[in-house]
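Hi everyone, thanks for coming along. I'd like to walk you through one structure today, starting with the sheet and ending with the helices.

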Amino acid sequence: MTARAIKLTVNGTAYERTVEPRLLLADFLRGTLGLTGTHVGCEHGVCGACTVLVDGDSMRSCLLFALQLDGASIETVESLGTLNNLNPLQEAFREHHALQCGFCTPGMLMTATDLLRKYPLATDEQIREGLSGNLCRCTGYENIVKAVRAAVTARNAP
Ligand code: FES
Ligand code: FES
């Protein structure tokens, strides 16, 4: 196969690029678009560090080819907030010390964003289940669950 043109939206901005068939979405985001917030850890679908939202669903960007995203709308961690204006979920991670090295954090944040939009997350077990596809080598997960719990509380506030 030869390179092909794709059109897609990333964080609300429309892009048109020509990509090689073997180019992974993770490498497209990081290398082609310069959106290096998305991290690449295991490169085979295990760690969740590369998680982004594709048409509203969390997916592993290391397991998708950029070509497959023709016409799709993608959200990456860069869509959430900025250093000086964290969104409520990022603020909860900061407040509850839910990161140490930070390598897993973009994937955790995007998975949690998906969970917060779709599910009640009434119990910590549901939060743990929802985050079970994202690995963290540092925190022991306790503070990540606390942070997502705080974000659920903020979401549910009248
Ligand atoms: S880098 Fe994609 S799941 Fe680990
Ligand atoms: S904070 Fe280091 S891997 Fe999660």
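Before anything else, one cut-off: when I say that two parts are in contact, I mean heavy atoms within 4.5 Å. And please keep in mind that what you see is a predicted model.

With that cut-off in hand, have a look at helix α3, which lies across β3, β4 and β5 (73–75). Its direction makes an angle of about 40 degrees with β3. We'll come back to α3 several times, but let me take the sheet underneath this picture first.

The sheet is open and has 5 strands, in the order β2-β1-β5-β3-β4, and the pairing is mixed. Which strands stand at the edges? They are β2 and β4 (57–60), and each has a single partner strand, so one side of each is left without a neighbour in the sheet. On average, neighbouring strands are turned by 40 degrees against each other, if you ignore direction. As a reminder, strands of a sheet pair through backbone hydrogen bonds, either parallel or antiparallel.

Let's go to the β2 edge. Strand β1 (residues 4–10) and strand β2 (residues 13–19) run antiparallel and are joined by 7 bridges. Within that pair, K7 faces E16 of β2 as its opposite residue. The two strands make a hairpin, with 2 residues between them. One of the turn residues deserves a look: N11 has a positive phi of about 50 degrees, although it is not a glycine. N11 sits in the loop between β1 and β2 and is partly exposed, at a relative accessible area of 25%.

Now over to the β4 edge. Here strand β3 (residues 51–54) pairs with β4 in the antiparallel sense, over 4 bridges, and V52 stands opposite M59 of β4. The loop between β3 and β4 holds D55, another residue other than glycine with a positive phi, near 50 degrees. Is D55 buried or exposed? It is exposed, with a relative accessible area of 53%.

On to the helices, beginning with α1 (residues 25–32). Its buried residues include L25, A26, F28 and L29. What do the buried residues of α1 pack against? Their partners are β1, β2, β3 and β5. Just after α1 comes G34, with a positive phi of about 75 degrees.

Back to α3, as promised. T113 is found in this helix and is buried, at a relative accessible area of 9%. Leaving out residues up to four places away in sequence, T113 touches L53, L80 and L89.

The next partner of α3 is another helix. Two packed helices are described by the angle between their axes and the distance between the axes. For helix α3 (residues 105–118) and helix α5 (residues 142–156), the angle is about 35 degrees and the axes are 11 Å apart. The crossing of α3 past α5 is right-handed. On the α3 side, the contact is made by M108, A112, L115 and L116, and on the α5 side by I144, V148, A151, V152 and R155. If you sort these residues by type, you get 8 nonpolar, no polar and 1 charged.

That leads us to the cores. The largest nonpolar core has 24 residues, and those with the most contacts inside it are L89, F93, M108, L121, L131, I144 and V148. The elements giving two or more residues to this core are α2 (88–95), α3 and α5. There is also a second, separate core, with 17 residues, among them I6, F28, L64 and A66.

Let me finish with two residues of the largest core. F93 is found in helix α2 and counts as buried, at 2% relative accessibility. Not counting residues up to four places away in sequence, F93 touches A98, L99, T105, M108, L109, I144, A147 and V148. The C-alpha atoms of F93 and N143 are separated by 7.9 Å, with the two residues 50 apart along the chain. As for M108, with the same sequence neighbours left out, its contacts are F93, L131, N134, L135, C136, Y141 and I144.

That's my tour. Thanks for listening, and I'm happy to take questions!

Conventions. Residues are numbered from 1 along each chain as its sequence is written. Chains are lettered from A and ligands numbered from 1 in the order in which they are written. This is a predicted model: local features need pLDDT of at least 70, side-chain atom pairs count only at pLDDT 80 or more; totals for chains, interfaces and linings use all residues. Side-chain values use heavy atoms; hydrogens and water are left out. Axes are lines fitted to C-alpha atoms, for helices over the stretch in contact, and angles run from 0 to 180 degrees between N-to-C directions. A crossing is left-handed if the near helix is turned anticlockwise from the far one by less than a right angle, and right-handed if clockwise. Ala, Val, Leu, Ile, Met, Phe, Trp, Tyr, Cys and Pro count as nonpolar, Asp, Glu, Lys and Arg as charged, and the others, Gly among them, as polar. Two strands pair if DSSP finds at least two bridges between them. A nonpolar core is a set of buried Ala, Val, Leu, Ile, Met, Phe, Trp, Tyr and Cys residues joined through side-chain atoms within 4.5 Å. Buried means under 20% relative accessible area, exposed over 50%, partly exposed in between (1.4 Å probe, protein chains only).
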